[in-house]
Amino acid sequence: MANDIDDGTDADVDKLKRPWNEGTVGDLFETLVEAMAKDFPVSIMVHGGPGIGKSAVVRQACARAGRSSLIDCRAGQMDPTDVRGVLCAAEGDKAKWLINPDFEPLFDMDEKATPVLFADEFNHASEMVQKAF
């Protein structure tokens, strides 16, 4: 018996047929914009071949969501101290962390929208750098 009910567009049906971890660049864009609109509090891992537009989509999604603080770093070219900072002496017998100036928006409490930290090439980073994030 044929089902004559049309539950959605062909694109919606095609989306349902794909495995949960496969999507298009457009799907990624929509997901990122929606997550930023809801201040989604967890990390999102984007994986795909070189040159398919992952970095560009993240920048475009931040622009669409009104996120002016996008921290775009190449994790594969970083050292753990670039991520966590360096512990140094402070006044008296105290210590303080000197953080990478690129990461200062993460600690700016006056920021209206949570900054987005985009660690590109994360899979190429050393294990120590990955753990530092």
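These are my notebook entries on the fold, the largest pocket and the aromatic pair of a predicted model.

**Entry 1: the chain as a whole.** I began with the secondary structure and found that the protein chain comes to five helices and four strands. Reading along the sequence, I wrote down the pattern α-α-α-β-α-β-β-β-α. I then looked up burial, and noted that buried residues make up 23% of the 133 residues in the protein chain. For the surface I recorded an exposed area of about 10,100 Å², of which carbon and sulfur atoms supply 53%. Turning to contacts between residues at least 6 apart in sequence, I found that 63% of them join residues at least 24 apart.

**Entry 2: the largest pocket.** I next asked how much space lies in the largest pocket, and the value I noted is about 1,400 Å³. Its lining consists of 43 residues, and those nearest the centre are Ser 43, Ile 44, Leu 117, Phe 118 and Ala 119. Sorting the lining by class, I recorded 27 nonpolar, 10 polar and six charged residues. I also looked up which elements contribute, and found that helix H2 (25–37), helix H3 (54–65), helix H4 (80–84) and strand S4 (116–120) each supply at least two residues of this lining. Strand S4 gives the most, with five residues.

**Entry 3: the aromatic pair.** I searched for aromatic pairs and found that the structure holds one. Phe 122 and Phe 133 form this pair, which I entered as edge-to-face, with 5.8 Å from centre to centre and 70° between the planes. The pair links distant parts of the chain, since Phe 122 sits in the loop between S4 and helix H5 (127–132) while Phe 133 belongs to the segment after H5, the two being 11 residues apart.

Are the two rings' residues buried or exposed, I wondered, or something in between? Phe 122 has a relative accessible area of 23%, so I class Phe 122 as partly exposed, the cut-off for buried being under 20%. Phe 133, with a relative accessible area of 30%, is likewise partly exposed.

**Entry 4: the surroundings of Phe 122.** I stayed with Phe 122, in the loop between S4 and H5, and asked which residues Phe 122 is in contact with once its neighbours within four places in sequence are left aside. The list I wrote down holds Met 45, Ala 75, Gln 130 and Phe 133. For Met 45 I also looked up the separation from Phe 122, which is 77 residues in sequence and 9.1 Å in space, taken from C-alpha to C-alpha.

How values were computed
Residues are numbered from 1 along each chain as its sequence is written. This is a predicted model: local features need pLDDT of at least 70, side-chain atom pairs count only at pLDDT 80 or more; totals for chains, interfaces and linings use all residues. Side-chain values use heavy atoms; hydrogens and water are left out. On a 1 Å grid over the protein atoms alone, a cavity is a set of points where a 1.4 Å probe fits but cannot get out, and a pocket is an open set with protein on both sides within 12 Å along at least five of seven lines; lining residues have an atom within 4 Å of a point. Grid points are joined across faces, edges and corners, and a volume is the space filled by probe spheres set on the points. Ala, Val, Leu, Ile, Met, Phe, Trp, Tyr, Cys and Pro count as nonpolar, Asp, Glu, Lys and Arg as charged, and the others, Gly among them, as polar. Rings of Phe, Tyr and Trp (its six-membered ring) pair if their centres lie within 6.5 Å; planes under 30 degrees apart count as stacked, over 60 as edge-to-face and the rest as tilted. Buried means under 20% relative accessible area, exposed over 50%, partly exposed in between (1.4 Å probe, protein chains only). Contact means heavy atoms within 4.5 Å. Accessible areas come from the Shrake-Rupley method with a 1.4 Å probe; for residues, only the protein chains shown count as cover.
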